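Please open the model in your viewer and keep the sequence panel beside it, as each stop on this tour begins with something to select.

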Amino acid sequence: MGTRYTFTCQCGYRATVAGDYDISEEGATATISCRTCKRLHDVALMPPFTSLAPSPRPQLPTACPKGRGHDWRLWAHPGPCPRCGATMRLGEMLQLWD
Ligand SMILES: [Zn+2]
Ligand SMILES: [Zn+2]
């Protein structure tokens, strides 16, 4: 995985997600805010690119990773906290290498 950020909220919620579309040679993810889970999630959009991949354009995620039928929307910083609706603050940047 690539770069992730820790976002914090005044209500105490913290999430470590990409915070936007994240595209690398390992694939693409988008960040969503799920009102059912009351959490932010990174959602995988496509498998790792190959040299034959015709387009790097990411697709939209199809569902919350925790369940179908959840009420979610795309999320990008600065965006609202999924728990209290306040604008989340950007914390430290993390480099994750799996
Ligand atoms: Zn959910
Ligand atoms: Zn909050």
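Select β4 together with β6, and you will find two strands that run antiparallel and are joined by three bridges. In this pairing C34 faces W72 of β6, which gives a convenient pair of residues on which to centre the view. Bear in mind while looking that this is a predicted model.

Keep β4 selected and add β3, which covers residues 22-24 and is joined to β4 by three bridges, again with the strands running antiparallel. The two strands form a hairpin with two residues between them, and across the hairpin I23 stands opposite A28 of β4.

Now colour β4 by burial and look at either face of the strand. On one side lie G27, T29, T31 and S33, on the other A28, A30, I32 and C34, and every one of these residues is buried, so that both faces are covered. Because eight of the eight residues of β4 are buried, the strand is largely enclosed by the rest of the structure.

From C34 at the end of β4, move to the zinc ion shown as ligand 1. Its protein donors are the SG atoms of C34, C37 and C64 and the ND1 atom of H70, which lie 2.0 to 2.3 Å from the ion. The angles among the four donor atoms are 105 to 116°, and the site is tetrahedral. If you follow the donors along the chain, their spacing reads C-x2-C-x26-C-x5-H. C37 belongs to the loop between β4 (27-34) and β5 (39-46), while C64 belongs to the loop between β5 and β6 (72-74), so this pair ties together parts that are 27 residues apart in sequence. The two residues can also be compared by accessibility: C37 is partly exposed, with a relative accessible area of 23%, whereas C64, at 5% relative accessibility, counts as buried.

Next select H41, which is found in strand β5. Is this histidine, H41, buried or exposed? With a relative accessible area of 6%, H41 is buried. Leaving out neighbours within four places in sequence, its contacts are V17, A30, T31, I32, C34, C64, P65 and K66; C34 and C64 in that list are also among the donors of the zinc ion (ligand 1).

Turn now to the second metal site, the zinc ion shown as ligand 2, which is coordinated by the SG atoms of C9, C11, C81 and C84 at 2.2 to 2.3 Å. Here the four donor atoms subtend angles of 99 to 117°, which makes the arrangement tetrahedral. Along the chain these donors follow the spacing C-x1-C-x69-C-x2-C. Of the donors, C81 counts as buried at 5% relative accessibility, and C84 counts as partly exposed at 40%.

The next selection is the open sheet of three strands, whose order is β2-β1-β7 with antiparallel pairing. β2 (14-17) and β7 (89-95) stand at the edges with a single partner strand each, so one side of each is left without a neighbour in the sheet. On average, neighbouring strands of this sheet are turned by 20° against each other, direction ignored.

Within that sheet, zoom in on β1 (residues 3-8) and β2, which run antiparallel and are joined by four bridges. Y5 stands opposite V17 in β2, and F7 stands opposite A15. The two strands form a hairpin with five residues between them, and in the turn G12 has a positive phi of about 105°. β2 has a covered face, made of A15 and V17, and an uncovered one, made of R14 and T16. T8, which is found in β1, counts as buried at 18% relative accessibility, and beyond four places in sequence this residue touches Y13, R14, M88 and R89.

For the last stop, select the largest nonpolar core, which is made up of 10 residues: F7, C9, Y13, A15, V17, L40, W75, C81, A86 and M88. In soluble globular proteins, nonpolar side chains tend to be buried together. Centre on W75, which, apart from residues up to four places away in sequence, touches F7, G19, D20, T31, I32, S33, L40, P80 and M88.

Methods: Residues numbered from 1 in each chain as written. Chains lettered and ligands numbered in written order. Predicted model: local features only at pLDDT ≥ 70, side-chain atom pairs only at ≥ 80, totals over all residues. Heavy atoms only, no water. Core = buried A, V, L, I, M, F, W, Y, C linked by side-chain atoms within 4.5 Å. Buried < 20%, exposed > 50% of the residue type's maximum accessible area, 1.4 Å probe, protein only. Contact = heavy atoms within 4.5 Å. Donors = N, O, S within 2.8 Å, 3.2 Å for Na, K, Ca; no water. Tetrahedral: all angles 85-135°; square planar, octahedral: opposite > 155°, others 65-115°. Pairing = 2+ DSSP bridges. Axes fitted to C-alpha atoms, helices over the stretch in contact; angles between N-to-C directions.
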